[in-house]
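Reader: Please take me through this model. I shall ask about one topic at a time.

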Amino acid sequence: MLRHKIILGRAEDMLPTFGDESIDLAILDPPYKEMEEELHSVKNENYWEWYEGWLKEVYRVLNERGSLYVFMSQMNMPMAHLITSKIFIEKQIIGWYKPNVMIRVPQLRNYFPKMEYIGFYVKTEKYKWNRLIKVFGIKESCNFIIEPAIYLNSKEGVEHRTQKPLKIIEKFIYASSDKDDLILDCFLGSGTVSVGSERMNRNSIGVEIKKKYCDMSFNRLKEEVNQTKIGREQSVIERVGF
Ligand SMILES: C[S@@+](CC[C@H](N)C(=O)[O-])C[C@H]1O[C@@H](n2cnc3c(N)ncnc32)[C@H](O)[C@@H]1O
C-alpha cells in the first residue's frame with residue numbers, strides 16, 4: 001500500500017524533522033526570487049541564504065542513491081546552480097521551452113520569458129537511473145523539453161499560478177526512482193509531485209506553507225487515489241497540520 005503525506009508548514013522548519021537518508025528522490029519547485037507573491041517565509045534580499053539552508057537539509061535527507069531535480073527560472077538559474085553544485089554533484093541542466101506562453105504584459109520593457117530550467121543533481125555516483133529511451137523514446141530523453149505550460153484552462157489545470165505539467169514530473173520520477181520509493185516535494189503547491197508519485201506507484205511527502213494549496217493538493221491526490229487501478233490496494237493520504 002502506498003502512503004502520501006501532505007504537511008502544512010515551512011520547508012525550512014519541516015526538513016530538519018526528517019530522518020537522515022530517508023528520501024529516495026526530491027523534485028522541488030521553490031518560489032522564484034523574482035516572484036515576491038510566492039515568497040511567504042523569506043525576504044527577497046535573504047533569498048539565497050534561505051535557499052542554501054534548505055538545500056543542505058535536502059542533501060542530508062536524500063539517501064546515497066538519491067537525486068534532486070530543482071526548477072529554476074532563467075534569471076535564478078546561474079546563482080541557483082552555483083549554490084546547488086557546491087552541495088550536490090551536477091548531472092544536467094534541462095531546458096524547458098513553453099510554446100504556449102504568451103506576452104500578457106504588452107507594456108513590459110524586457111524580453112518575455114518562454115523558457116525555464118530544471119537542474120538535475122545527485123548525492124553520489126551510485127544514483128538510480130532507469131533508462132528513459134526504452135519508454136519515452138530518443139526525443140524525450142534529451143536535455144531539452146518542449147511542453148506547454150499549465151494554465152487554469154489546461155486539461156489538468158487547477159488554481160495555482162505556477163503549476164507544473166505532470167508529464168515532466170512523471171518522466172523525472174521514472175528516470176530517478178523505483179516502485180515504492182519515497183519522493184519529496186517541500187514546495188508542494190498544487191500537489192503535482194504527489195499526484196505523479198501516485199500514478200507511478202511511489203510514496204510521497206509534500207510540504208506547503210499555504211493551507212489553500214495543501215487542500216488543493218489533498219483534493220487532487222484524493223481524486224487520483226480514487227481511480228486506483230484494479231488489483232492494487234488503495235493508497236493512504238495523511239494530512240498533517242491542517
Ligand atoms: C513554484 S510553486 C510550486 C508549484 C508546484 N510545483 C505545482 O506544480 O503546483 C512554490 C510553492 O511553494 C510554496 N512556498 C513558498 N514558501 C514556502 C516555504 N517556506 N515552505 C513551503 N512552501 C513554500 C508557495 O506557496 C507555492 O505554492
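Reader: Which residue takes a positive phi just after H6, and of how many degrees?
Author: Asparagine 201, just after H6, has a positive phi of about 65 degrees. H6 is helix 192–199; helices (H or I, at least four residues) and strands (E, at least two) are DSSP runs numbered from the N terminus. This is a predicted model, in which local features need pLDDT of at least 70 and side-chain atom pairs count only at pLDDT 80 or more, while totals for chains, interfaces and linings use all residues. Residues are numbered from 1 along each chain as its sequence is written.

Reader: What is the usual sign of phi in residues other than glycine?
Author: Most residues other than glycine have a negative phi.

Reader: Where do glutamate 21 and aspartate 180 lie?
Author: Glutamate 21 is in the loop between helix H1 (11–14) and strand S2 (23–28), and its phi is positive, near 55 degrees. Aspartate 180 sits in the loop between helix H5 (166–176) and strand S7 (182–185), with a positive phi of about 75 degrees.

Reader: Why does aspartate 180 count as exposed?
Author: A residue is buried if 20 or more other C-beta atoms lie within 10 Å of its own, exposed if 12 or fewer, and partly exposed in between, with C-beta atoms placed from the backbone. Aspartate 180 counts as exposed because it has 12 C-beta neighbours inside 10 Å. Glutamate 21 has 14 such neighbours, so it counts as partly exposed.

Reader: Back to H6. How many of its residues are buried?
Author: H6 is mostly covered, with 7 of its 8 residues buried. They are Thr192, Val193, Ser194, Val195, Gly196, Ser197 and Glu198.

Reader: What covers them?
Author: The cover includes strand S1 (3–8), S2, H5, S7, strand S8 (203–208) and helix H7 (211–225). As an example, threonine 192 counts as buried because it has 27 C-beta neighbours inside 10 Å. Leaving aside neighbours within four places in sequence, threonine 192 is in contact with Gln163, Lys164, Leu166 and Ile169; contact here requires C-beta atoms, placed from the backbone, within 7 Å.

Reader: Leu166 and Ile169 belong to H5, I take it. Which residues of H5 are buried?
Author: The buried residues of H5 are Leu166, Ile168, Ile169, Lys171, Phe172, Ile173 and Ser176. They pack against S2, strand S3 (62–73), helix H4 (132–136), strand S6 (144–146), S7 and H6.

Reader: And in S7, what does isoleucine 183 touch?
Author: Isoleucine 183, in strand S7, is buried, with 26 other C-beta atoms within 10 Å. Not counting residues up to four places away in sequence, isoleucine 183 touches residues including Asp24, Leu25, Ile27, Ile173, Val193 and Ser197. Isoleucine 183 and isoleucine 23 are 160 residues apart in sequence and 6.3 Å apart in space, C-alpha to C-alpha.

Reader: Turning to the largest nonpolar core, which members touch the most others?
Author: Of its 50 residues, Ala26, Ile27, Leu28, Val58, Leu68, Val70 and Cys186 touch the most other members. The largest share of this core, 6 residues, comes from S3. A nonpolar core is a set of buried Ala, Val, Leu, Ile, Met, Phe, Trp, Tyr and Cys residues joined through C-beta atoms within 7 Å.

Reader: What about leucine 28 and its contacts?
Author: Beyond four places in sequence, leucine 28 is in contact with Leu68, Tyr69, Val70, Asp185, Cys186 and Phe187.

Reader: A different topic: at what angle do the axes of H2 and H3 cross?
Author: The axes of helix H2 (residues 47–61) and helix H3 (residues 77–87) cross at roughly 35 degrees and come within 10 Å. Axes are lines fitted to C-alpha atoms, for helices over the stretch in contact, and angles run from 0 to 180 degrees between N-to-C directions.

Reader: Which residues make the contact?
Author: H2 contributes Trp48, Tyr51, Glu52, Leu55, Lys56 and Tyr59, and H3 contributes Met79, Ala80, Ile83, Thr84 and Ile87.

Reader: Finally, how many helices and strands does the chain have?
Author: The chain has 7 helices and 9 strands. Buried residues make up 38% of its 242 residues. The C-alpha trace spans about 55 × 40 × 40 Å along its principal axes.

Notes:
Two residues are in contact if their C-beta atoms, placed from the backbone, lie within 7 Å.
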